[in-house]
Amino acid sequence: MATDTRGLTTTPAVRVRNLHRSFNDNGGVLNGLDLDIAAGEFVALIGRSGTGKSTLLRALAGLDRDVAGRGRITVPPSVSVVFQDSRLLPWKRVLDNVTFGLRGHGSGERGRQALAEVGLAGRERAWPFELSGGEQQRVSLARSLVREPQLLLADEPFGALDALTRIRMHALLRQLCAAHRPAVLLVTHDVDEAVVLADRVIVLDGGVVRADVPVDLGTRSRDDLRAYLLDELGVEGEGR
Ligand SMILES: Nc1ncnc2c1ncn2[C@@H]1O[C@H](COP(=O)(O)OP(=O)(O)OP(=O)(O)O)[C@@H](O)[C@H]1O
């Protein structure tokens with residue numbers, strides 16, 4: 001059981017217990033992983049290349065049903081996923097991409113609102129190819145958030161963007177999460193991104209959680225946290 005800021009017991013939005021995943025006989029990728037994410041909590045997941053970050057995210061998204069493994073996963077009913085590429089449908093206009101699959105009255109208006117929230121008011125009738133990479137990721141975020149997910153899974157969503165656009169997208173994601181309060185699991189290679197965005201940073205290694213570090217800037221500076229996490233990742237010369 002997780003506890004909230006008042007110390008009260010809360011049911012986590014995400015609960016993973018003893019999760020195992022393997023792709024061949026060379027050993028497991030996930031080896032008994034446990035993880036809780038509270039409702040509204042923003043967790044960043046870092047780890048060296050090939051440690052199983054995407055494997056974990058896909059397991060939470062239910063996108064790995066054919067993969068060998070066991071363990072218990074509980075996620076909320078409403079889950080959205082954002083990937084590094086925006087995965088927009090090229091034959092649909094921006095608004096239709098956002099509202100695709102949405103049912104019910106007023107979905108067009110909800111889509112328009114979501115586009116306004118990500119700074120794309122007026123681009124509803126554009127085609128995806130007319131947008132920049134950053135704008136396409138904004139549409140992808142709008143498409144996720146219009147569904148009001150209780151859990152947002154993001155796999156390197158800003159990995160393909162230039163540094164300035166990334167910074168803008170960080171601000172946007174923070175703003176969207178403050179407004180909608182989904183639980184978030186963000187997979188990233190970027191320790192700075194993790195520290196800037198997350199309430200908690202998890203380091204994956206050997207198929208389990210190696211470190212679970214709250215981002216509490218009252219007790220620790222961002223630089224200190226960054227150095228600590230780089231140490232945990234085994235990045236020589238960058239640690240404390
Ligand atoms: N569909 C698959 N079939 C076989 N092996 C796979 C498959 N998906 C992942 N793997 C293997 O599982 C391991 C973990 O992969 P995963 O993509 O989860 O790592 P990651 O931490 O997200 O890596 P990166 O940071 O490089 O994106 C890797 O060794 C990878 O080769």
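**Ligand shell, domains and confidence in a predicted model**

The shell around the ligand in this predicted model consists of Phe23, Val29, Gly47, Ser49, Gly50, Thr51, Gly52, Lys53, Ser54 and Thr55.

Q: How many residues of the shell around the ligand are nonpolar, polar and charged?
A: The shell includes Phe23, Val29 and Lys53. Phe and Val count as nonpolar and Lys as charged, while Gly falls among the polar residues. The division is therefore 2 nonpolar, 7 polar and 1 charged.

Q: Which residues does UniProt give for the feature "domain: ABC transporter"?
A: The end C-alpha atoms of the annotated span lie 27 Å apart. The span is 34% helix and 26% strand. The unreviewed UniProt entry places the feature at residues 14-231.

Q: How are the residues on the side of domain 1 that touches domain 2 divided by polarity?
A: The domain assignment gives domain 1 as 1-78 + 150-162 + 176-240 and domain 2 as 88-148. Their C-alpha centres lie 27 Å apart, and 8 residues of domain 1 are in contact with 9 residues of domain 2. The side of domain 1 that touches domain 2 divides into 6 nonpolar, 2 polar and no charged.

Q: Which element of the protein has the lowest mean pLDDT?
A: The mean pLDDT of the protein is 91, and 94% of its residues reach 70 or more. Strand S5 (residues 42-46) has the highest mean among the elements, 98. Where pLDDT is low, the predicted coordinates should not be read in detail. The element with the lowest mean, 54, is strand S1 (residues 2-3).

Q: What ipTM and pTM does the model score?
A: Besides the mean pLDDT of 91 for the protein, the model has two further scores. These are ipTM 0.97 and pTM 0.91.

Key:
Residues numbered from 1 in each chain as written. Predicted model: local features only at pLDDT ≥ 70, side-chain atom pairs only at ≥ 80, totals over all residues. UniProt positions renumbered as here; feature names shortened; annotations may be inferred. Helix = DSSP H or I, 4+ residues; strand = E, 2+ residues; numbered from the N terminus. Near = placed C-beta within 6 Å. Domains from an automatic or database assignment. Contact = placed C-beta atoms within 7 Å. pLDDT = per-residue confidence, 0-100.
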